Amino acid sequence: MDLGIEGRVALVTGAGRGIGREICLTLAAEGVRIAVNDLFQDRADEAAAEMRDEGHEAIGVAADVTDFESIRGAVEVVTKEFGAVDILVNNAGIPAATAGQDALPSMGTLFAASDREQWDRTMELISYGVLNCSRAVIEGMSERRWGRIVSIISDAGRVGEPRLVPYSMAKAGVIGFSKALAKEVGRFCVTVNCVSPATTVTDATREWIEAEGEQIMRAYPLGRGLQRLGQPSDIANAAAFLASERAEWITGQVLSVNGGYSMVG
Ligand SMILES: NC(=O)c1ccc[n+]([C@@H]2O[C@H](COP(=O)([O-])OP(=O)(O)OC[C@H]3O[C@@H](n4cnc5c(N)ncnc54)[C@H](O)[C@@H]3O)[C@@H](O)[C@H]2O)c1
């Protein structure tokens, strides 16, 4: 299937590694010009260089999604380099402390042991990150009467996950955001959707998955059959479809890509 997005411009947040990076590679293979955002310039640059080496058009843009001015600046850079942003993928969603230490301070903690500092960190990144980035592109998309916003949420936001209470809350909020915005901007042919992974093997989760061992597979109906957990490519394929011309009649929806972990009607 031709996704019909060759020549479009995509900004993918938190894309220096993991799922975001794979989304960039998948969109690039469709002929999309890619702005790889990350908090860390070296990660963004390295991922963009990999795409250019494969013959694609890509730039790295460091910006902090929690900071509206930082993101507005990034959107300006992308617009000068490639033209206006057609596709925004809100992927940044796991807090990073430093490039060398991607701590998950509000994750893996019982709610009873959590505090305001941890909640703020989670809300800043997930809730304000999505608000900032979407706000920075929505007027342009509406004026041009074409746009795609795809947010990577989590099944934690659909069915809840112990030890991920504030994270579950923030991700659930992105669903409400997406549905409401989808209703506002449908008239401008802008679609707003979510992709909802469950456990996906990335640098952020590898250690935890290894510690859990085989028992984690039991939660995934397809896990036993395919003998694997979710891979970044599973999420990237879904995100690319929702970002495509072929998905123009789909908006305000949540697509779980999770090996059957949760089945929400
Ligand atoms: N990996 C999983 O099991 C899993 C499951 C469900 C949902 N998700 C969601 O998928 C998305 C990607 O997860 P991942 O596992 O690839 O994460 P990851 O930690 O491997 O990559 C995320 C990237 O985001 C960057 N980042 C962090 N804070 C940022 C900020 N303020 N501004 C810009 N960039 C920032 C990091 O530097 C990092 O390179 C997240 O939204 C996460 O919640 C992941």
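**Exercise 1. Find out what the buried residues of helix α6 pack against.**

Step 1: get the ground rules. This is a predicted model, where local features need pLDDT of at least 70 and side-chain atom pairs count only at pLDDT 80 or more, while totals for chains, interfaces and linings use all residues. Residues are numbered from 1 along each chain as its sequence is written.

Step 2: locate the helix. Helix α6 covers residues 165–185; helices (H or I, at least four residues) and strands (E, at least two) are DSSP runs, numbered from the N terminus.

Step 3: pick out its buried residues. A residue is buried if 20 or more other C-beta atoms lie within 10 Å of its own, exposed if 12 or fewer, and partly exposed in between, with C-beta atoms placed from the backbone. In α6 the buried ones are Val165, Tyr167, Ser168, Ala170, Lys171, Val174, Phe177, Ser178, Leu181 and Val185.

Step 4: see what they meet. Two residues are in contact if their C-beta atoms, placed from the backbone, lie within 7 Å. The buried residues of α6 pack against α4 (116–144), β5 (147–152), α5 (156–159) and β6 (190–197).

Step 5: think about the spacing. An α-helix has 3.6 residues a turn, so residues three or four places apart point the same way.

**Exercise 2. Check the span of α6 against its 21 residues.**

Step 1: the rule for the expected span is 1.5 Å times one less than the number of residues.

Step 2: for the 21 residues of α6 that comes to 30 Å, and the end C-alpha atoms are 31 Å apart, so the two agree.

**Exercise 3. Decide whether isoleucine 175 is buried or partly exposed, and list its contacts.**

Step 1: isoleucine 175 sits in helix α6.

Step 2: count neighbours. Isoleucine 175 has 18 other C-beta atoms within 10 Å, so this residue is partly exposed.

Step 3: leave out anything within four places in sequence. That gives contacts with Ile153, Gly157, Cys194 and Val254.

Step 4: try one distance. Isoleucine 175 and asparagine 193 are 18 residues apart along the chain, and their C-alpha atoms are separated by 8.2 Å.

**Exercise 4. Describe the largest nonpolar core and one of its residues.**

Step 1: a nonpolar core is a set of buried Ala, Val, Leu, Ile, Met, Phe, Trp, Tyr and Cys residues joined through C-beta atoms within 7 Å.

Step 2: the largest one here has 66 residues, and Ala10, Cys24, Ile34, Val36 and Ala239 have the most contacts inside it.

Step 3: zoom in on cysteine 24. Not counting residues up to four places away in sequence, cysteine 24 touches Val12, Ala15, Ile34, Val36, Ala47, Met51 and Ala58.

Step 4: for background, nonpolar side chains tend to be buried together in soluble globular proteins.

**Exercise 5. Work out which residues surround the ligand.**

Step 1: a residue counts as near the ligand if its C-beta atom, placed from the backbone, lies within 6 Å of it.

Step 2: there are 32 residues around the ligand, with Gly14, Gly18, Gly93, Thr202 and Ala204 coming nearest. The elements giving two or more residues to this shell are α1 (18–29) and β2 (33–38), and α1 gives the most, with 3 residues.

Step 3: sort the shell by type. Count Ala, Val, Leu, Ile, Met, Phe, Trp, Tyr, Cys and Pro as nonpolar, Asp, Glu, Lys and Arg as charged, and the others, Gly among them, as polar. The shell then divides into 12 nonpolar, 14 polar and 6 charged residues.

**Exercise 6. Look at two residues with positive phi, arginine 145 and cysteine 189.**

Step 1: most residues other than glycine have a negative phi.

Step 2: arginine 145 has phi near 55° and lies in the loop between α4 and β5. With 11 other C-beta atoms within 10 Å, arginine 145 is exposed.

Step 3: cysteine 189 has phi near 65° and lies in the loop between α6 and β6. This one has 15 C-beta neighbours inside 10 Å, so cysteine 189 counts as partly exposed.

**Exercise 7. Check the chain's radius of gyration against a compact globule.**

Step 1: the radius is taken over C-alpha atoms, and the globule rule is 2.2 Å times the number of residues to the power 0.38.

Step 2: for 265 residues the rule gives a value near 18 Å; the chain has 17 Å, which agrees.

Step 3: round off the picture. The chain has 9 helices and 7 strands, and 47% of its 265 residues count as buried.
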